[in-house]
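Visitor: Hey, I've got a protein on my screen and I'm not sure where to start. Can you walk me through it?

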Amino acid sequence: MSPITIFKIITYLLVPVAILFGLIDIIMLFMALANPAILLIVFAMACFVIYTAASLRFLLEGIISNQRCKSSLKDWIKVNGYVTLFLFIMFFMNSSATFFVDDITLRQTLSEMMDQQPELAGKISLDFFIKIFHVVSGIMFAISSLIIIHVLMNLKLLKRYQDLFSKE
């Protein structure tokens, strides 16, 4: 399978993820009005959404249609790609670390976390919460892996197809 085909597949897989993250980001933006500490995460997630949209445009217009693209598109991809890469390397490290935590430590940590959330008391069992935690960690591991691969491939393709970008 050629690198372009792999890039196309990963790009099309990331579009629904970017839409979901965009919706979550809008909700988090309203939360950030009350808690400005969340703004950095909102910014980073917005970079991922912008990166995905710019990458899709580069794929459809530049690589597939072989049309010239504005040089600003290349800048959008690079800048947002680096932020996306940083964010999802962090997600990757966090989700992969959960695979190496022993069950006793995980139970203790999640139990303490549930105790700090009084609205969860009695509504969710610890075993169910651990299962949810493992599922979410696995999903984030897979998504993070795909995004890291996509950003690295995209940066290589930008160099390979640099003649598609017009000088403004």
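Guide: Sure, let's go from the overall layout to the helices and then to a few single residues. Keep in mind that this is a predicted model.

Visitor: Okay, how many helices and strands does the chain have?
Guide: There are five helices and two strands. Going along the sequence, the pattern reads α-α-β-α-α-α-β.

Visitor: And what box do the C-alpha atoms fill?
Guide: Taken along the principal axes, the box is roughly 60 × 40 × 20 Å.

Visitor: How much of the chain counts as buried?
Guide: Of its 168 residues, 36% do. There's another number worth having: take the contacts between residues at least 6 apart in sequence, and 77% of them join residues at least 24 apart.

Visitor: Let's do helices. What angle do helix 2 and helix 3 pack at?
Guide: About 135 degrees, and their axes are 8 Å apart. Helix 2 covers residues 39-64, and helix 3 covers residues 71-97.

Visitor: So what do you call that arrangement?
Guide: At that angle, helix 2 is oblique to helix 3. The crossing as helix 2 passes helix 3 is left-handed.

Visitor: Which residues make the contact?
Guide: Quite a list! On the helix 2 side they include Phe43, Ala44, Cys47, Phe48 and Tyr51. On the helix 3 side, among them are Trp76, Ile77, Val83, Thr84 and Leu87.

Visitor: Let me pick one. Is alanine 44 buried or exposed?
Guide: Alanine 44, which is in helix 2, has a relative accessible area of 10%. The cut-off for buried is under 20%, so alanine 44 counts as buried.

Visitor: What does alanine 44 touch?
Guide: Leaving out residues up to four places away in sequence, alanine 44 touches Val83 and Leu87. You can also look at phenylalanine 86: its C-alpha atom is 9.0 Å from that of alanine 44, though the two are 42 residues apart along the chain.

Visitor: Now the other side of that contact. What about threonine 84, buried or exposed?
Guide: Buried, with a relative accessible area of 0%. Threonine 84 sits in helix 3.

Visitor: Which residues does threonine 84 touch?
Guide: Cys47, Phe48, Tyr51, Ile147 and Val151, again not counting residues up to four places away in sequence.

Visitor: What else is buried in helix 3?
Guide: The buried residues of helix 3 include Leu73, Lys74, Ile77, Asn80, Gly81 and Phe88. What covers the buried residues there includes helix 1, helix 2, strand 1, helix 5 and strand 2.

Visitor: How far does helix 3 reach from end to end?
Guide: Helix 3 has 27 residues and reaches 39 Å from its first C-alpha to its last. That's close to the 39 Å expected at 1.5 Å a residue.

Visitor: You mentioned helix 5. At what angle do helix 3 and helix 5 cross?
Guide: Roughly 150 degrees, and their axes come within 8 Å. The cut-off for roughly antiparallel is over 145, so helix 3 and helix 5 are roughly antiparallel to each other. Helix 3 passes helix 5 in a left-handed crossing.

Visitor: Is there a residue in helix 5 I should click on?
Guide: Try lysine 156, which lies in helix 5. Lysine 156 is exposed, at 65% relative accessible area. From its C-alpha to that of aspartate 127 is 44 Å, with their positions 29 residues apart in sequence.

Visitor: Switching to helix 4. Which of its residues are buried?
Guide: Leu106, Leu110 and Met114. They cover an arc of only 65 degrees around the axis, which puts them on the same side of helix 4. On the other side, Ile104 and Asp115 are exposed.

Visitor: What covers the buried ones?
Guide: Helix 5, residues 126-160, is included in that cover.

Visitor: Why does the span of helix 4 agree with what it should be?
Guide: Helix 4 has 13 residues, 103-115, and at 1.5 Å a residue they should span 18 Å. The end C-alpha atoms are 18 Å apart, so it agrees.

Visitor: Last one: what's the phi of asparagine 66?
Guide: Near 55 degrees, a positive value in a residue other than glycine. You'll find asparagine 66 in the loop between helix 2 and strand 1. Asparagine 66 counts as exposed, at 57% relative accessibility.

How values were computed. Residues are numbered from 1 along each chain as its sequence is written. This is a predicted model: local features need pLDDT of at least 70, side-chain atom pairs count only at pLDDT 80 or more; totals for chains, interfaces and linings use all residues. Side-chain values use heavy atoms; hydrogens and water are left out. Helices (H or I, at least four residues) and strands (E, at least two) are DSSP runs, numbered from the N terminus. The expected span of a helix is 1.5 Å times one less than its number of residues. Buried means under 20% relative accessible area, exposed over 50%, partly exposed in between (1.4 Å probe, protein chains only). The arc is that of the directions from the helix axis to the C-beta atoms. Contact means heavy atoms within 4.5 Å. Axes are lines fitted to C-alpha atoms, for helices over the stretch in contact, and angles run from 0 to 180 degrees between N-to-C directions. Angles under 35 degrees count as roughly parallel, over 145 as roughly antiparallel, 65 to 115 as roughly perpendicular and the rest as oblique. A crossing is left-handed if the near helix is turned anticlockwise from the far one by less than a right angle, and right-handed if clockwise.
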